[in-house]
Amino acid sequence: MTRDFPDMLVGAGTVLTIEQADKAINAGAKFIVSPGLNPKIVQYCLDASVPVTPGTQTPSEMEQALELGLKVVKFFPAEPAGGLNMIKAVAAAYVDLKFMPTGGINAKNVRDYLAYNKIIACGGSWMVKKDLIAAGEWDKIGAMVREAAAIVKEIRGNQ
């Protein structure tokens, strides 16, 4: 993908091991996202000058991320872990930290998340459900992605 579309920003998610991070980086990933905070993976990515956004859920994990020099963390799974209210509560203490919530984000609640200034982006797997991919329903997927992009533009403008 990165060879055929060099201007496309491509990252790798659900990275669980250093080996996966290495393979993704060698395949052209420009950023890494993981479901949890593994200090070894974070340090590996930082040493490779590749942005990494590890998953966090607790203040202790957020402090570990800050200690590693990170300014952005994934908040996962967002909705089951308290959603936007939890993010707002912890953001009051961690004023320099920004969040990328994933898990339970959908077309109905994404506006609320994006309206909060501590949210840099939201994960949106509701747009690319496995059954739609398996069925090759690219038009439906495309329509949901366009809807999500319109929501982002509505809330954030051209930031």
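Which residues lie nearest the centre of the largest pocket? I looked this up in a model that is predicted.

**Entry 1: the largest pocket**

I found that Gly13, Thr102, Cys122, Gly123 and Gly124 lie nearest the centre of this pocket. They belong to a lining of 22 residues. I noted the space in the largest pocket as about 650 Å³. I then sorted the lining by class and wrote down 12 nonpolar residues, 9 polar and 1 charged.

**Entry 2: the second largest pocket**

Next I turned to the second largest pocket, which holds about 350 Å³ of space. Its lining has 17 residues. Nearest its centre I listed Leu114, Ala121, Cys122, Ala148 and Val152. By class, this lining has 12 nonpolar residues, 4 polar and 1 charged.

I also asked which helix supplies the largest share of this lining. The answer in my notes is α7, with 6 residues. Both α5 (110–115) and α7 (138–156) supply at least two lining residues each.

**Entry 3: helix α7**

I followed α7 from end to end. The helix has 19 residues, and the distance from its first C-alpha to its last is 26 Å. That is close to the 27 Å expected at 1.5 Å a residue.

I then checked which residues of α7 are buried. They are Ile141, Gly142, Ala148, Ile151 and Arg156. I recorded Ala148 in Entry 2 as well, among the residues nearest the centre of the second largest pocket. The buried residues of α7 pack against α5 and α6 (130–134). After α7 comes glycine 157, and I noted its phi as positive, near 70°.

**Entry 4: asparagine 109**

Is asparagine 109 buried or exposed? I placed this residue in the loop between β4 (98–101) and α5. Its relative accessible area is 13%, so asparagine 109 counts as buried, the cut-off being under 20%. I left aside its neighbours within four places in sequence and looked for contacts; asparagine 109 touches Glu79 and Gly104.

**Entry 5: glutamine 64**

My last stop was glutamine 64, in helix α3 (residues 59–67). Glutamine 64 has a relative accessible area of 41%. I wrote it down as partly exposed because that value falls between the 20% and 50% cut-offs.

How many residues apart along the chain are glutamine 64 and leucine 16? I noted 48, with their C-alpha atoms separated by 17 Å.

Methods. Residues are numbered from 1 along each chain as its sequence is written. This is a predicted model: local features need pLDDT of at least 70, side-chain atom pairs count only at pLDDT 80 or more; totals for chains, interfaces and linings use all residues. Side-chain values use heavy atoms; hydrogens and water are left out. On a 1 Å grid over the protein atoms alone, a cavity is a set of points where a 1.4 Å probe fits but cannot get out, and a pocket is an open set with protein on both sides within 12 Å along at least five of seven lines; lining residues have an atom within 4 Å of a point. Grid points are joined across faces, edges and corners, and a volume is the space filled by probe spheres set on the points. Ala, Val, Leu, Ile, Met, Phe, Trp, Tyr, Cys and Pro count as nonpolar, Asp, Glu, Lys and Arg as charged, and the others, Gly among them, as polar. Helices (H or I, at least four residues) and strands (E, at least two) are DSSP runs, numbered from the N terminus. The expected span of a helix is 1.5 Å times one less than its number of residues. Buried means under 20% relative accessible area, exposed over 50%, partly exposed in between (1.4 Å probe, protein chains only). Contact means heavy atoms within 4.5 Å.
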